[in-house]
Amino acid sequence: METTKTLFDFMTYTKGVTYLLAVLFMVGFTFFWLFLVDRDKK
Amino acid sequence: MTESPTQSKSLLTPFNLVAGLILAVGAYVAFLRFSSGLAGIGAVGDSAQSQPWGMLISFNLMCGVPLSAGGFVMGTAVYIFGMKQYRLVVRPAVLVGMIGYFFAVVALLMDVGRPWRLPYPMVVQYGVTSVLFLVAWHVALYLSTQFVEFSPAVFEWLNWKRWRKVAVAVAVGAVIFGVILSTLHQSALGALFLITPTKVHPLWYSPFIGLFFFVSAIAAGICMVILESALAHRYFREKVEMTTEHLDQITIGLGKAASIALAVYFAIKVIGIAHGNTWHYLASPIGHWFLLELLGFSLLPCVLFAAGVRERRPRLIRWAAGLTVLGIILNRLNVSIITFNLNLPAEQRFQFHWKEVWLSLAVVMAAVLTYRWAVNRMPVHHKHPLYKTVH
């Protein structure tokens, strides 16, 4: 964050972190869903 | 009209006495509020230019509307996604939703005053550039839609067969219309804060605040259905047709939905922090308060719901639902009162005034009594004997 000097830098940085988090959460949801429905299948 | 055995019971119960006291003092405060002329809500509360919304808006309306979302959530599940196993909780959910919205409007009138101006956004001065235009239209339309959705129960109670037939015929259309309206105005309540980026604390403010309000309203609606069905099963046992086993099955199913809604809510809230790059605020005292709300009242219930669903423990799911409801109330109060204009000196910030808190409590009590009155008389938790096969 200390290296961001322009709005473009800021947007690039925050968008990058946002997209990474979104991907992480989507992968996490897959496991969360499997955890939730695991007993239903058995 | 079906006579109820509960009508012959004594009215002098401890609950009724407390309710009567709250309503009597509330009526006196309401009289003060409406008889104070231009002083208006300032006569009973602490609203000011720096803090325009007090308890009646921040608690009764901002919390009341998401907690009334059960009607549209269950309507979507049963009539649009075809989850017929939840059919028995649709009518109670719609009743809670209708009463919640109605008393949110009552609280709004108490706060704003001049009730004769209520139709202004519809017929006199639209104000289309304000989000309030959308909120006014949607709440008015949705409240009317909920009356239509619930009207079959009223007509069954009154034994108006022809009107019931008409109401049932339009009910599904009304549900779909209601889902569209709810989706928009739940998020619009959040969107109201888009014009206050310098007043709402950065940890709560986000361009996605409308989405936060909408997703959290889905979780709140589901949790209210879980709590309402459990409480009705306990306190209106003779009126509830559902068996304990069926209730537990429904609770587990709803718990699964609530855990998913809360997981999504948690994810988008974290993404909101990343988008605004407000991580550094988390290390401050207000950041700890934010973390308490986010971790203690959305992630923790999410985990409790998941554990309750997996271990088939409806009691745990009900506790998680209670925690979520508290979390939604905390979130709405944080956005509109607690962290609003946090940078102002303490004396300029909102102070809770007993009269306004009491008025707010009286509106909630009136809602509870209306719910009890309806459940004791109308076929809400049970099928009407004449319509057993077509409910």
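The following exchange between a biologist and a modeller concerns a predicted model, with attention mostly to chain B.

Biologist: How many helices does the secondary structure of chain B come to?
Modeller: From the N terminus on, the elements of chain B run α-α-α-α-α-α-α-α-α-α-α-α-α. The count of strands is accordingly given as 0, and the count of helices in chain B is 13.

Biologist: What is the radius of gyration of chain B, set against the globule rule?
Modeller: The C-alpha atoms of chain B fill a box of roughly 60 × 55 × 45 Å along the principal axes. For 391 residues the globule rule gives 21 Å, and chain B comes close to that, so it is as compact as a globular protein of that length, with a radius of gyration of 21 Å.

Biologist: Which helix of chain B gives the most to the largest nonpolar core?
Modeller: In soluble globular proteins, nonpolar side chains tend to be buried together. The largest nonpolar core here has 110 residues, and those with the most contacts inside it are Ile222(B), Ala258(B) and Ala261(B). With 16 residues, the helix that gives the most to this core is α9 (residues 209-235) of chain B.

Biologist: Is Ser360(B) buried or exposed?
Modeller: Ser360(B) has its place in helix α13 (residues 354-377) of chain B, and, leaving aside neighbours within four places in sequence, its contacts are Met55(B), Leu56(B), Phe59(B), Asn60(B) and Ala107(B). Of these, Met55(B) is 305 residues apart from Ser360(B) in sequence, yet 6.5 Å apart in space, C-alpha to C-alpha. Because Ser360(B) has 26 C-beta neighbours inside 10 Å, where 20 or more are required, it counts as buried.

Biologist: What is the phi of Arg114(B), and does its residue count as buried or exposed?
Modeller: Most residues other than glycine have a negative phi. Arg114(B), in the loop between α5 (90-112) and α6 (120-124) of chain B, has a positive phi of about 45° although it is not a glycine. Because Arg114(B) has 10 C-beta neighbours inside 10 Å, it counts as exposed.

Biologist: Where does Arg312(B), which has a positive phi of about 55°, lie?
Modeller: Arg312(B) is not a glycine either, and with 13 C-beta neighbours inside 10 Å it counts as partly exposed. Its place is in chain B, in the loop between α11 (285-310) and α12 (314-338).

Biologist: How many residues on the side of chain A that touches chain B are nonpolar?
Modeller: The contact takes 12 residues from chain A and 12 residues from chain B. On the side of chain A, 2 are polar and 1 is charged, while the nonpolar residues number 9.

Definitions and conventions. Residues numbered from 1 in each chain as written. Chains lettered and ligands numbered in written order. Predicted model: local features only at pLDDT ≥ 70, side-chain atom pairs only at ≥ 80, totals over all residues. Contact = placed C-beta atoms within 7 Å. Nonpolar A, V, L, I, M, F, W, Y, C, P; charged D, E, K, R; others polar. Helix = DSSP H or I, 4+ residues; strand = E, 2+ residues; numbered from the N terminus. Buried ≥ 20, exposed ≤ 12 C-beta atoms within 10 Å, placed from the backbone. Core = buried A, V, L, I, M, F, W, Y, C linked by C-beta atoms within 7 Å. Rg over C-alpha atoms; globule rule 2.2 N^0.38 Å.
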